[in-house]
Structures are given as C-alpha cells and as structure tokens.
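Visitor: I have a structure to go through. Can you put it up so we can talk it over?

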Amino acid sequence: MNLVSTGFVIYLFFPFLGSVGSQSMRRYNCVHLSPRKLNIKNLVSYEKIQGPVEAILFINKKGVKICVKPDHRQAQLAMKSVDESRAAKGR
C-alpha cells in the first residue's frame, strides 16, 4: 500500500471511531474529602462521583465544589434537601 492509499483508508475509517473530543470525560474528580460541616441552605446541586474516591460532589450558590463521603449522615440530609428544593422549583 502506498502513502496516498493509506491516507485515504485512514480518512475513511477514523471518522467512524469518533474524535477524542466526542468521548465523554469526567469534569471533576474528588481527590480530597472535606471534613467541614456543610451549610445545607447554600447547596444548589450535587453529583455522585465514582473516581479514585467515592464521594458526593456538592455545588453551592457561589459555585464552590465540596466533596463529602457518601455515607456521611449530613451528606444524606443535604441530598434530600437539594432534591426537595428542585422539586419545589419544578412545580
């Protein structure tokens, strides 16, 4: 196969694989878990993270990201509070 035909095969084949930019990539991983108490009133959303450390990533009104152990009692209460707040806004 010469260089031109190799380039043509690559041109035809690789678009079907998708580019690196089209592959999903986690935006944020929790590496450090916060020992501080959460101010539940300031939390607007959360996401369950499965990375190097299993955690709940909370985002407060200022956009600050806080990682907490998922089995922590306060994390459970905070998730419930955020869910209730979202449900109330959706009505």
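Guide: What follows covers a disulfide, an aromatic pair and one glutamine in this predicted model.

Visitor: How many disulfides does a search of the whole structure find?

Guide: The search finds one. Cys-30 and Cys-67 form it, with their sulfur atoms 2.0 Å apart.

Visitor: Which handedness does that disulfide have?

Guide: The torsion about the S-S bond of Cys-30 and Cys-67 is about -75°, so the disulfide is left-handed.

Visitor: And where do Cys-30 and Cys-67 lie?

Guide: Cys-30 lies in the loop between α1 (3-13) and β1, while Cys-67 is in strand β3 (residues 65-68), so the disulfide ties together parts that are 37 residues apart in sequence.

Visitor: Are those two cysteines buried or exposed?

Guide: Cys-30 and Cys-67 are both buried.

Visitor: New topic. How many aromatic pairs are there in the whole structure?

Guide: A search finds one. The ring centres of Tyr-46 and Phe-58 are 6.0 Å apart and the planes make an angle of 50°, so the pair counts as tilted.

Visitor: Why tilted and not edge-to-face?

Guide: Edge-to-face needs planes over 60 degrees apart, and the planes of Tyr-46 and Phe-58 are at 50°.

Visitor: Which strands hold the two rings?

Guide: Tyr-46 is in strand β1 (residues 43-50) and Phe-58 in strand β2 (residues 54-60), so the pair links parts twelve residues apart in sequence. Phe-58 has 0% relative accessibility and counts as buried.

Visitor: Last one: what does Gln-74 touch?

Guide: Leaving out residues up to four places away in sequence, Gln-74 touches Lys-37, Leu-38 and Ile-40. Gln-74 sits in helix α2 (residues 73-89) and is buried, at a relative accessible area of 14%.

Conventions: Residues numbered from 1 in each chain as written. Predicted model: local features only at pLDDT ≥ 70, side-chain atom pairs only at ≥ 80, totals over all residues. Heavy atoms only, no water. Phe/Tyr/Trp six-rings, centres within 6.5 Å; stacked < 30°, edge-to-face > 60°. Helix = DSSP H or I, 4+ residues; strand = E, 2+ residues; numbered from the N terminus. Buried < 20%, exposed > 50% of the residue type's maximum accessible area, 1.4 Å probe, protein only. Contact = heavy atoms within 4.5 Å. Disulfide = S-S within 2.5 Å.
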